[in-house]
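The exercises below invite you to look at one structure piece by piece, each with a solution worked out in steps. Try each task on the structure before you read on.

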Amino acid sequence: MIMKTQQILIAVAFSTFLAPLGNAQGTADGYSNFIRQVQLPYEPDRISRDVYVPATGAQLSPLEINPNGARFELHTVKAVPLASYLLDTKYVGSSVPIGSVAIRSEDPYTQIPRTRADRPFYVDITMTNLLSGAGDAESTKKVNLLRHVQSYGTGDGTAINRSQASLFSQNFLTENGSNTLTFTVSSIPGADRSKVRGEERFSIFTILDTQAPPSQLASQLVQVWPVAHGSISGIASGQTITLSAPALTLAINDIYPDSQIYAQVYQGNQALGTTGTILPGSALIIKETVPQNRILTVSDWDYTITSDGIWTVELLTTTPFGVDRLGWVSFNVDWSIKVNGSVTTIE
Amino acid sequence: MKKPPVSGLIVIAVWPLLHAQQEVKAPVFRDAATHQSLVPILREASGNDPMKKLQKSEGADPAKENQPQNLIESSDLISFQGLTTLVPKRAIMQLPEKFKDRINNHTPGNRVVGWLEFHAMNRGWITTVEISRSQAGGREALAEDLSEQLTKSKNMVVTVLDSGPISSMPYRGDEKQQQEDIDK
């Protein structure tokens, strides 16, 4: 069996803030970070020791984790108004299995794993220190993998109470090694599957033993944001433009936090994947942490229409997942002006 | 040693570049997914849930039990001159009356700092006493002269282990005595 050192290196390697979502904060943001080490079993000694930690770094805890392990809790404290948030916990002990959970998606955002309601994500699980001997205690031979889902409703998850998350499934892990679980789409509850917004959390817990209650070894969540939708108004499908291109209004909701929005026009009937001319005033770059809504107006775009015939306006968004078409309108253009009249002279 | 052909070296050097170019994929265009398009995908995903390949476990949600306490609620806040720090409950071993208004009386706007920074600026009224893990757990008594010294101190006294604030339980007597107490 691999014996862990009696003391443990407290490592904090988190970066900037995204609400209480799992990152230790820099003090410049008005947040201070503390790691509390709680010796298990808590009774009867009731030992807790605090260390103050910067947003990144590592230090050695002088308090031995033996004989029964300790729980390390990473908290961040907000000065105004005074509030504390639990960011992460880990249970560590010399005979305790070691687990890690990492979540990947197609979005390269580094602050927190995130994806979209229609996109897959991947959960990488690594276990070590699990035993398999006939005489080994059950708690050293398997751990519990929990999958929680929690909807943000119509919000963005700020100040969400994670104890309200629903346990979607729980399964034992009994073997050491790495394993990747692939989830095609999220199972966060929601009537409209394209509009779910919330988070899924995967945690590894020990199972109950005589020394400690089930305790968290590792946990990671992935945020899931809805698919954007949008509309083009100001022009109707099949309408004929004769004098000038009408002003358009583009309404876009649930724009992915890292995306671009634009409308383009091209000659011909709608054809997905066609590259056209970007309409003036329609291009927008979004670099946010939560989905956005925008209303844009487009005017004076006559110059983009170079000849009579059928034309199409499309509303598109570019995200880490590709280019999504949110809407389109095909219309007719007839710039030629016919004058019906006659000139006569009378002498 | 035979030298590798120059052309071979060039291929080796250029290969990563070529390979990288091949990996740049053209953007995927699609109509935005809708509820109707996602329902069958979710149904299929539920059938292929990778968790189902693992042995199912039963029972109450362990994440809802044994949760860490709120840090502020399980700490004593020490505030003075625009700074606030926090220490675990029962880390304040002695609190003279005149300093009581500095405990759990956080002034809004105070900067929250770590213990070391706070203590460095408040050594005049805060004394620390280094204790061992056994003493923190109430399994070992403090040295008699130290206890005496603390009793005479007019400062607030905080228990620390290697300079970090640590909770401390009152000494519970020796193990034989503890067992006798339990047996009673």
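**Exercise 1: Turns of the backbone in one loop**

A:Pro41 has its place in the loop of chain A between strand S2 (31–39) and strand S3 (48–53). The model in which this loop is seen is a predicted one.

Task: Find which peptide bond involving A:Pro41 is cis, and then examine A:Pro44 and A:Arg46 in turn.

Solution. Begin with the bond that joins A:Leu40 and A:Pro41, which is a cis peptide bond with omega at about -5°. Next, go on to A:Pro44, which also lies in the loop between S2 and S3 of chain A, and note that the peptide bond leading to A:Pro44 from A:Glu43 is cis, with omega near 0°. Then turn to A:Arg46, again found in the loop between S2 and S3 of chain A, where phi is near 50°, a positive value in a residue other than glycine. Such features deserve a look because most peptide bonds are trans and most residues other than glycine have a negative phi. Finally, consider accessibility: A:Arg46 has a value of 31%, and therefore counts as partly exposed.

**Exercise 2: Another positive phi**

Task: Locate A:Ala159 and decide whether A:Ala159 is buried or exposed.

Solution. The first step is to place A:Ala159 in the loop of chain A that runs between strand S10 (143–151) and strand S11 (166–173). The second step is to read the backbone angle, since A:Ala159, although not a glycine, has a positive phi of about 60°. The last step is the surface: the relative accessible area of A:Ala159 is 56%, and the cut-off for exposed is over 50%, so A:Ala159 is exposed.

**Exercise 3: Rings that meet**

Task: Work out how the rings of A:Phe121 and A:Phe183 are arranged, and which parts of chain A they tie together.

Solution. A search of the whole structure finds 9 aromatic pairs over all chains. One of them is formed by A:Phe121 and A:Phe183, with 5.2 Å from centre to centre and 20° between the planes, and this pair is stacked. Because A:Phe121 lies in strand S9 (residues 121–128) of chain A and A:Phe183 in strand S12 (residues 177–183) of chain A, the pair ties together parts that are 62 residues apart in sequence. Both A:Phe121 and A:Phe183 are buried, and together with A:Phe202 they form one aromatic cluster.

Now set a second pair beside it: the ring centres of A:Tyr256 and A:Phe321 are 5.0 Å apart and their planes stand at 75°, so this pair is edge-to-face. A:Tyr256 lies in the loop between strand S17 (248–255) and strand S18 (258–267) of chain A, while A:Phe321 lies in the loop between strand S22 (309–319) and strand S23 (322–333) of chain A, so the pair ties together parts that are 65 residues apart in sequence. A:Tyr256 and A:Phe321 are both buried.

**Exercise 4: Charges and rings**

Task: Identify which ring lies under the charged end of A:Arg114, and which under that of A:Lys142.

Solution. Follow the side chain of A:Arg114 to its charged end, which sits over the ring of A:Tyr109 at 3.6 Å from the ring centre. Then follow A:Lys142, whose charged end sits over the ring of A:Phe172, 4.2 Å from the centre of that ring.

**Exercise 5: Two buried residues in strands**

Task: Describe the surroundings of A:Glu73 and of A:Ile261.

Solution. Start with A:Glu73, found in strand S5 (residues 70–78) of chain A; its relative accessibility is 3%, so A:Glu73 counts as buried. The side chains of A:Glu73 and A:Arg71 are joined by a polar contact of 2.8 Å. Leaving out residues up to four places away in sequence, A:Glu73 touches several residues, among them A:Phe34, A:Arg36, A:Asp88 and B:Pro68.

Continue with A:Ile261, whose place is in strand S18 of chain A, and which counts as buried because its relative accessibility is 1%. With residues up to four places away in sequence again left out, the residues that A:Ile261 touches include A:Ile252, A:Ala283, A:Leu296, A:Leu315 and A:Leu326.

**Exercise 6: A sheet in chain B**

Task: Establish what the strand order of the open sheet in chain B is, and which strands form its edges.

Solution. The open sheet has 3 strands in the order S2-S3-S5 (chain B), and its pairing is mixed. Its edge strands are strand S2 (75–80) and strand S5 (111–112) of chain B, each of which pairs on one side only. S2(B) and strand S3 (residues 83–88) of chain B run antiparallel and are joined by 6 bridges. As a last check, find B:Leu77, which stands opposite B:Leu86 in S3(B).

Notes. Residues numbered from 1 in each chain as written. Chains lettered and ligands numbered in written order. Predicted model: local features only at pLDDT ≥ 70, side-chain atom pairs only at ≥ 80, totals over all residues. Heavy atoms only, no water. Pairing = 2+ DSSP bridges. Helix = DSSP H or I, 4+ residues; strand = E, 2+ residues; numbered from the N terminus. Phe/Tyr/Trp six-rings, centres within 6.5 Å; stacked < 30°, edge-to-face > 60°. Buried < 20%, exposed > 50% of the residue type's maximum accessible area, 1.4 Å probe, protein only. Lys NZ or Arg CZ within 6 Å of the ring centre and 35° of its normal. Polar contact = N/O pair within 3.5 Å; in protein donor to acceptor, adjacent residues only side chain to side chain. Contact = heavy atoms within 4.5 Å.
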